[in-house]
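Okay, thanks for coming, everyone. I'll put the sequence and the structure up on the screen, and then we can walk through it together.

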Amino acid sequence: MATLEKMMACSRRWCFLCDFVGRRRSPAREELWRVIFGEEMPPPGHDIIYPLNYLYTSGYCPSFQVWVDEWDEELPVAEAAAGLEDFFRFYTEVTPEIKKTIAGYVEQRAVNGVYSEEYRVRLGMILWTGGEKWELETGAV
């Protein structure tokens, strides 16, 4: 939470943070995760709930909003495969075997050389005043 503290120290007054909320829906990543690792894809390691809880328990009065964002992405096969390889590089060495698995997955689902995927994510935003904490004893803001 040191990053939030630095953010507030640099702020003149208002602070804003936007991040993911909960699981993101990416069928390709989830299916390939099962093939590559032999298990369900774990939830992401970061979530806006952690900084929200920190701010709230630290005495700030954050405003919080959540919404769902959906979009479709269409990419040439090579570009889609490269993007998935980049994603898996965060979790493992992308060996020639993994590259072949990813390429096969994308090629099998492509139509006329174009791979399509539908994404669905929840996003959240927090807005708060960096220097003002809620004081329980006095009721002051």
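I'll start with the sheet, move on to the helices around it, and finish with the pocket and two single residues.

One thing to keep in mind: this is a predicted model.

So, the sheet. We've got 3 strands here, they make an open sheet, and the order is 1-3-2 with antiparallel pairing. At the edges sit strand 1, residues 14-20, and strand 2, residues 63-76, each of them paired on one side only. From one strand to the next the twist averages 25 degrees.

Now look at how strand 2 and strand 3 are zipped together: there are 14 bridges between them, and the two run antiparallel. On that ladder, find Glu73, and across from it in strand 3 you'll see Glu117. Hang on to Glu117, we'll come back to that one.

On to the helices. Helix 3, residues 49-57, lies across strand 1, strand 2 and strand 3, and its direction is at about 5 degrees to strand 3. Then there's helix 4, residues 77-89, which also packs on the sheet. Helix 4 touches strand 2 and strand 3, and it makes about 135 degrees with the direction of strand 2.

Next, the pocket. The largest one comes out at about 400 Å³. It has 19 lining residues, and the ones closest to the centre are Arg24, Arg29, Met41, Pro44 and Phe87. Which elements supply at least two residues each to that lining? That would be helix 2, residues 27-37, and strand 3, residues 114-129. Helix 2 gives the most, with 3 residues. As for chemistry, the lining splits into 11 nonpolar, 3 polar and 5 charged residues.

Okay, two residues to finish. Ser26 is in the loop between strand 1 and helix 2. Buried or exposed, what would you say for Ser26? The relative accessible area is 5%, under the 20% cut-off, so Ser26 counts as buried. And who does Ser26 touch, if we skip neighbours within four places in sequence? Glu117 and Tyr119. So there's Glu117 again, the residue opposite Glu73.

The other residue is Asp86, over in helix 4. With a relative accessible area of 45%, Asp86 is partly exposed, because that value falls between 20% and 50%. If you want a sense of scale, go from Asp86 to Thr129: they're 43 residues apart along the chain, and their C-alpha atoms are separated by 37 Å.

That's my tour, happy to rotate the view if anybody wants another look.

Notes: Residues are numbered from 1 along each chain as its sequence is written. This is a predicted model: local features need pLDDT of at least 70, side-chain atom pairs count only at pLDDT 80 or more; totals for chains, interfaces and linings use all residues. Side-chain values use heavy atoms; hydrogens and water are left out. On a 1 Å grid over the protein atoms alone, a cavity is a set of points where a 1.4 Å probe fits but cannot get out, and a pocket is an open set with protein on both sides within 12 Å along at least five of seven lines; lining residues have an atom within 4 Å of a point. Grid points are joined across faces, edges and corners, and a volume is the space filled by probe spheres set on the points. Helices (H or I, at least four residues) and strands (E, at least two) are DSSP runs, numbered from the N terminus. Ala, Val, Leu, Ile, Met, Phe, Trp, Tyr, Cys and Pro count as nonpolar, Asp, Glu, Lys and Arg as charged, and the others, Gly among them, as polar. Two strands pair if DSSP finds at least two bridges between them. Axes are lines fitted to C-alpha atoms, for helices over the stretch in contact, and angles run from 0 to 180 degrees between N-to-C directions. Contact means heavy atoms within 4.5 Å. Buried means under 20% relative accessible area, exposed over 50%, partly exposed in between (1.4 Å probe, protein chains only).
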